[in-house]
Amino acid sequence: MARLTAARRVARLLGMTAAIVSVPAFAQEAAPQAAGDTAANNAAAQEIVVTAQFRAQKLQDTPLAITAVNAAVLEARGQTDISQIAAQAPNVTLRAQPQSGGIGLIAFIRGIGQTDFNYALEPGVGIYVDDVYIPTLSSSLLDLMDLERVEVLRGPQGTLAGKNSIGGAIKLFSKKPTGEGGGYLQATYGSYNRIDVRGMADIKISDHLFARLSGATKNSDGYVKLLDYGLSHPTSNVPANTNQGNGIERGTLGGRSFSAGRLALRWEASPDIEVNVAGDYTRERNDAGAQVLLYGGNAGTTPEGLPWLKGKNGAPVPLDCSFVPNSTRFQNSCSSTPAGYDSRYINYANFLDARTPTSQAPFKPYAATNQQTYDGWGITGNVTAKLADNLTAVWISSYRHYKMSFGFDQDGSPVPVAQLDNILRHRAWSQEVRLNGSLMDKRIEYTLGGFYFDQNGTYNARVDLNYAGIDFIHGPDSTPSTSKALFFNGTFHLTDAWGITGGIRHTWDKKDYTYFRSNPDGTVPGPLPCEFFLGAETAGPTGVGNSPNCLLLGLYNVTGQFKGERTDWRVETDYRFSPEVFAYASVATGYKGGGVNPRPFFGPSAGDCTKLPFGAPCNQITSFQPETLRTYEAGIKTDLFDRKLRFNASAFFNKYNNIILTLTSCHGFSPCLMPSNVGKADVWGFEAETTIRPVEGFTLDGSLSYLHFKYKDTGASGVPITNVTPYTPKWNWSFGAQYDYSMKAGTVSARFDGTYQSAVFTDAFNAPSNLVDGRFLGNARLTYTTQNKDWQVSLEVQNVLNKYYYNTIEDVKNAFGAITAAPGLPRTWAVTLKRTF
């Protein structure tokens with residue numbers, strides 16, 4: 001019954017689309033393309049070939065919901081990093097991590113994704129570079145350097161992309177060396193002292209060996225000012241932080257210093273063998289992420305009333321509206337803004353805990369770093385060998401390694417509620433072999449392959465949480481894991497117009513997680529439980545009179561394990577009704593791996609949750625199971641009116657089970673950051689994309705998507721059944737308009753892009769305090785290209801309407817009385833000069 005209902009819903013959604021396009025499609029079937037029609041020829045020249053099904057296909061012949069953009073489109077839009085791609089892709093949300101997540105990406109497609117960078121959790125959207133899987137959020141905020149195209153695949157890619165691509169996959173494909181010579185160099189200057197430099201050179205080493213060298217740097221000042229509250233408000237009770245100098249400005253947030261390089265080699269070993277090898281390196285030295293405080297509500301004292309921040313008169317300084325620079329819907333500011341500063345882009349954090357030490361908290365003072373650093377490199381090899389006229393072998397091998405560190409002040413104030421420094425190290429090794437073949441004069445096309453993936457990450461942190469009464473060293477927690485898979489994907493072309501595709505993939509996963517919790521001086525908490533639990537008269541388990549961090553007993557050299565296997569499958573049929581109209585329908589499955597809670601604030605010493613009153617601290621060492629998805633989808637792709645109008649649409653219905661979300665309330669108690677299976681949901685929606693070329697030189701493009709998420713059951717998780725998953729907007733739409741005016745001296749191109757995304761929640765427990773408002777953003781770009789295309793100059797304005805908006809909101813109001821947000825950039829401008837040679 002569920003299957004029938006799903007099929008009917010998809011059919012109804014798609015029926016409206018089919019009705020719109022069916023009549024003009026058949027009318028165009030007999031219309032030949034005019035040889036002199038420049039617009040039509042231009043459209044044909046921009047046809048994108050994708051490899052989403054392991055073989056080269058035109059985008060319009062691929063039976064998947066897929067958005068593909070080439071290098072020319074990326075340049076026209078001025079897009080330079082992966083998070084910008086979501087602006088034009090339906091039902092896709094890509095956001096940079098907030099300050100507490102370091103350098104990384106939050107990726108959701110059709111309501112499925114992941115927000116936590118910890119290695120214990122798997123991404124819900126697979127990120128791939130040249131068919132190499134990028135397994136962690138912390139290395140996924142990729143620069144779009146020297147790319148040929150980007151493919152955004154929506155829906156589960158369990159049989160195609162495989163591991164943890166339950167929501168979809170984003171694939172980046174680099175340009176290969178051609179040996180034709182040439183290259184380019186471009187420089188950008190703009191707002192906040194933005195200085196970007198990009199370049200590429202293609203080199204012929206010999207008749208059969210070619211090289212391509214590319215590089216990029218991005219540098220800009222931070223746009224959120226860090227101010228010393230004690231100096232900016234000298235009449236307040238807040239002391240000045242003289243350890244950081246005497247000026248009111250103590251730095252910035254959101255500044256960036258990025259550089260990357262890539263060397264690619266292509267060797268035509270024989271007419272039937274091609275070898276591609278590439279190495280890349282990325283270095284970042286950034287400020288901590290942009291952050292502002294929206295709400296403050298904490299007394300700022302220990303259970304005994306001792307101050308976390310002692311005021312000038314000796315009284316505790318509370319976390320309150322004094323440190324909220326800009327009035328918000330959460331709280332009005334109750335302090336003035338220093339003259340000359342924009343209150344929307346101010347933060348009073350000092351990354352410092354200068355508490356007076358106690359026997360329970362002896363490891364003070366402590367200062368976190370206002371910095372994000374990243375050093376990563378990788379080597380990729382791809383060997384393609386033609387074994388016969390109808391059989392090709394592909395071997396893809398990769399090794400990647402990175403180290404990232406980042407500090408953050410989670411309360412956004414001088415009151416030391418929560419400060420952390422994090423260090424992540426990760427390495428990954430992968431091997432993939434494919435056999436691509438055909439039978440019966442290409443009536444049958446197939447891919448048979450195997451995949452092996454081995455990774456290990458360690459996570460270290462100094463975790464200073466005064467609100468929880470703990471200050472400890474997290475790690476080095478290690479997370480070794482392996483994944484193995486065998487897969488098959490085949491298409492049977494019953495006729496020239498009708499095809500049936502089937503795919504299957506079986507995966508074996510194994511992951512360990514080993515906890516290490518120690519005191520900042522290297523000692524291990526213990527050996528006894530908190531004195532409070534032994535009957536000592538203290539102010540609770542974290543009060544003075546207890547040993548430091550005694551709630552963490554039992555969390556040293558303890559290993560949890562996840563092990564499982566899974567079979568995913570896909571069945572699809574498609575039919576080309578005419579040269580202009582192509583339609584498909586499919587059923588597919590996907591999954592995301594399970595694991596264990598990486599952040600238990602309380603270990604076995606806190607007791608069994610089932611035997612303690614609701615709201616009491618209890619053992620948070622728990623496991624979670626894989627989440628699974630089954631998707632019913634139908635789509636249509638059209639090229640109409642002599643290819644002047646392209647219109648693609650799809651509709652889908654998802655059965656989403658064992659949904660993994662990070663809970664911020666465990667057993668009714670905070671602090672808590674515990675991944676759990678919260679239940680199951682039905683999700684349905686539709687997506688549409690179009691490109692219109694009404695006259696020569698003028699192009700319009702746009703997209704529209706709708707998503708309806710409905711929990712069917714949330715079990716004992718406590719998540720209200722009326723909630724939705726984080727970063728799941730109901731509506732997305734975008735449009736772009738570009739006009740190219742050709743003249744004797746060259747071409748002038750004017751472009752405007754507008755995008756809208758409706759409101760999203762950022763927490764599993766939806767609340768007004770974690771609701772990011774919907775927003776419309778517009779970008780404009782004016783470009784002049786000389787006639788011989790050797791010079792190009794561009795002027796761009798991002799956020800033309802100067803919209804003030806938030807990318808993310810972190811709601812820890814219940815845990816310790818704070819709400820912070822990552823504001824987006826205000827209106828900015830930039831000028832780019834490019835020389836092609």
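A salt bridge here is a side-chain nitrogen of Lys or Arg sitting within 4 Å of a carboxyl oxygen of Asp or Glu. With that in hand, one group of residues in this predicted model is easy to read: Arg 110, Arg 154, Glu 633, Glu 687 and Glu 689 are linked in a network of salt bridges. A search through the whole structure turns up 47 salt bridges, and a few pairs are worth a look one by one.

Take Asp 280 and Arg 400. These two form a salt bridge whose closest N and O atoms are 2.8 Å apart. The pair links distant parts of the chain, since Asp 280 belongs to strand S17 (residues 273-286) and Arg 400 to strand S23 (residues 391-409), 120 residues apart. How do the two partners fare for exposure, buried or partly exposed? Asp 280 has a relative accessible area of 18%, so it counts as buried. Arg 400 comes out at 23% relative accessibility, and therefore counts as partly exposed. The cut-off that matters for these two is 20%, because buried means under 20% relative accessible area.

Next come Asp 701 and Arg 751, which form a salt bridge with the closest N and O atoms 2.9 Å apart. Asp 701 lies in strand S38 (residues 698-713) and Arg 751 in strand S40, so this pair ties together parts of the chain that are 50 residues apart in sequence. Asp 701 and Arg 751 are both buried.

Arg 434 and Glu 432 make another salt bridge, with 3.1 Å between the closest N and O atoms. Arg 434 is buried, its relative accessible area being 7%. Glu 432 is buried as well, at 8%.

Strand S40 (residues 746-757) also holds Thr 747. Thr 747 is partly exposed, because its relative accessible area is 24%. Which residues does Thr 747 touch, not counting residues up to four places away in sequence? They are Asp 740, Tyr 741, Ser 742, Thr 783, Tyr 784 and Thr 785. For one of these, Thr 785, the C-alpha atom is 5.2 Å in space from that of Thr 747, although the two residues are 38 residues apart in sequence.

Now for some strand pairing. Strand S25 (residues 444-465) and strand S27 (residues 481-493) pair in the antiparallel sense over 12 bridges. One of the matched positions is Leu 448, whose bridge partner in S27 is Phe 488. S27 also runs antiparallel to strand S28 (residues 498-518), and 13 bridges join these two. Here Ser 481 has Lys 511 in S28 as its bridge partner. What joins S27 to S28 along the chain? The link is a hairpin through four residues.

Elsewhere, three strands make up an open sheet in the order S18-S46-S45, with antiparallel pairing. Strand S18 (292-296) and strand S45 (806-812) are the edge strands, each pairing on one side only. From one strand to the next, the twist averages 15°. S45 and strand S46 (residues 818-823) pair over six bridges, and Tyr 806 stands opposite Pro 823 in S46.

On the surface, a nonpolar patch has about 1100 Å² of accessible area in total. Its members are Leu 185, Tyr 189, Ile 195, Val 197, Leu 782, Trp 791, Val 793, Leu 795, Trp 829, Val 831, Leu 833 and Phe 837. Where do these residues come from? Strand S11 (183-190), strand S12 (194-206), strand S44 (791-798) and strand S47 (828-836) each supply at least two of them. In a regular strand, side chains alternate between the two faces of the sheet. Phe 837 is found in the segment after S47. With a relative accessible area of 53%, Phe 837 is exposed, because exposed means over 50%.

Finally, there is Tyr 229, located in helix H4 (residues 229-232). Tyr 229 is buried, because its relative accessible area is 5%. Leaving aside neighbours within four places in sequence, Tyr 229 is in contact with Ser 236, Val 238, Ser 322, Phe 323, Ser 335, Tyr 348 and Pro 414. Tyr 229 and Pro 239 are 10 residues apart in sequence, and their C-alpha atoms are 8.0 Å apart in space.

Conventions. Residues numbered from 1 in each chain as written. Predicted model: local features only at pLDDT ≥ 70, side-chain atom pairs only at ≥ 80, totals over all residues. Heavy atoms only, no water. Pairing = 2+ DSSP bridges. Axes fitted to C-alpha atoms, helices over the stretch in contact; angles between N-to-C directions. Patch = residues over 30% accessible without salt bridge, like charges linked within 9 Å, V, L, I, M, F, W, Y side chains within 5 Å. Areas by Shrake-Rupley, 256 points an atom, 1.4 Å probe, with all protein chains shown as cover. Buried < 20%, exposed > 50% of the residue type's maximum accessible area, 1.4 Å probe, protein only. Contact = heavy atoms within 4.5 Å.
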